[in-house]
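Here is a short, informal walk through one model, with a helix and the sheet beneath it as the main topic. Keep the structure open while you read.

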Amino acid sequence: MKFVRRVSLFLVMSVFLLGAGGYMAIRMERFFYPNKYQEKEIKNDLSGMDVEYSDIWDSGEETLEEQIIETAVEKIPVVTADTMYLIEEVNLADGTIREKQEDVPVKYIGLDRESLIKELESYDRNPPLTELEMGFETIELTAFSKDRVVICKYYKEEEEKGYYLMVEDHFIVVYEEDKRRLHMNTDILLSDLNDQLKAEIIQGKYIENDEELYNFLESYSS
């Protein structure tokens with residue numbers, strides 16, 4: 001009796017393992033070959049339509065079935081190495097736009113729209129020094145698909161600012177263009193300058209840019 005029970009248990013376990021193995025094999029095949037099963041399911045769905053199945057399936061042109069298959073297997077679009085990667089550089093000063101195509105950065109490959117936006121937000125918070133020197137303001141994603149990505153970068157070139165040379169306690173001081181913010185103190189005495197330059201500085205002598213200011217300081221500093 002015990003022998004019969006052991007045989008029965010062995011048979012049950014064998015059948016169970018066989019069934020489980022078959023189920024896992026089907027699941028794995030579905031995972032690695034999804035199109036195979038999707039195509040069969042779509043064929044079954046199309047068989048109930050009021051059209052001749054063979055005419056749709058054998059047509060050389062893009063057919064209704066092909067459109068359905070494409071839709072069924074389409075995944076969330078991601079950036080690939082073949083994606084067209086366009087950069088639009090916008091000059092906020094004059095409104096001009098320069099467009100250029102570049103290779104997709106490796107770190108962007110495989111990203112979907114939301115992931116790419118997060119990467120660009122990180123770039124916006126910590127732009128490279130070279131970008132800051134060009135007057136970088138911000139960056140945004142303006143178009144996204146698996147075939148084409150457009151990224152817009154905004155720049156605002158810093159305009160050259162002027163200064164004013166003025167007098168405080170007999171020394172020459174440099175103020176910002178608004179005449180309210182002190183830019184720097186100098187060790188240049190007003191008394192060391194010629195009369196014409198003295199008169200100009202007393203009235204507030206305007207310096208157009210950094211280069212002109214540097215030349216003045218170099219000429220009169222002790």
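## A helix and its cover

The buried residues of helix α8 are covered by elements that include β5, β6, β7 (182–189), α7 (195–203) and β8. Contact here means heavy atoms within 4.5 Å, while buried stands for under 20% relative accessible area, exposed for over 50% and partly exposed for anything in between (1.4 Å probe, protein chains only). Helices (H or I, at least four residues) and strands (E, at least two) are DSSP runs, numbered from the N terminus.

A word on the numbers: this is a predicted model, where local features need pLDDT of at least 70, side-chain atom pairs count only at pLDDT 80 or more, and totals for chains, interfaces and linings use all residues. Residues are numbered from 1 along each chain as its sequence is written, and side-chain values use heavy atoms, with hydrogens and water left out.

Which residues of α8 (residues 210–220) are buried? They are L213, F216 and L217. These three sit on the same side of α8, because they cover an arc of only 95 degrees around the axis (taken from the directions from the helix axis to the C-beta atoms). An α-helix has 3.6 residues a turn, so residues three or four places apart point the same way. On the face turned away from the buried side, α8 carries the exposed E211, Y214, E218 and S219. At the N-terminal end, N209 acts as the cap of α8, with a side-chain oxygen 3.2 Å from the backbone nitrogen of E211.

Now the sheet. It is open, has four strands in the order β7-β6-β5-β8, and pairs them antiparallel; two strands pair if DSSP finds at least two bridges between them. β7 and β8 are at the edges with a single partner strand each, so one side of each has no neighbour in the sheet. From one strand to the next, the twist averages 30 degrees. α8 lies across β5, β6, β7 and β8 and runs at about 25 degrees to β7, with axes as lines fitted to C-alpha atoms (for helices over the stretch in contact) and angles from 0 to 180 degrees between N-to-C directions.

Here are the two pairings of β5:

| Pair | Bridges | Direction |
|---|---|---|
| β5 (residues 163–168) and β6 (residues 171–176) | six bridges | antiparallel |
| β5 and β8 (residues 205–207) | three bridges | antiparallel |

M166 stands opposite V173 in β6. On the β8 side, Y163 faces I207 and L165 has K205 as its bridge partner. The hairpin of β5 and β6 has two residues between the strands, and D169 takes a positive phi near 55 degrees there.

Conventions: Polar contact = N/O pair within 3.5 Å; in protein donor to acceptor, adjacent residues only side chain to side chain.
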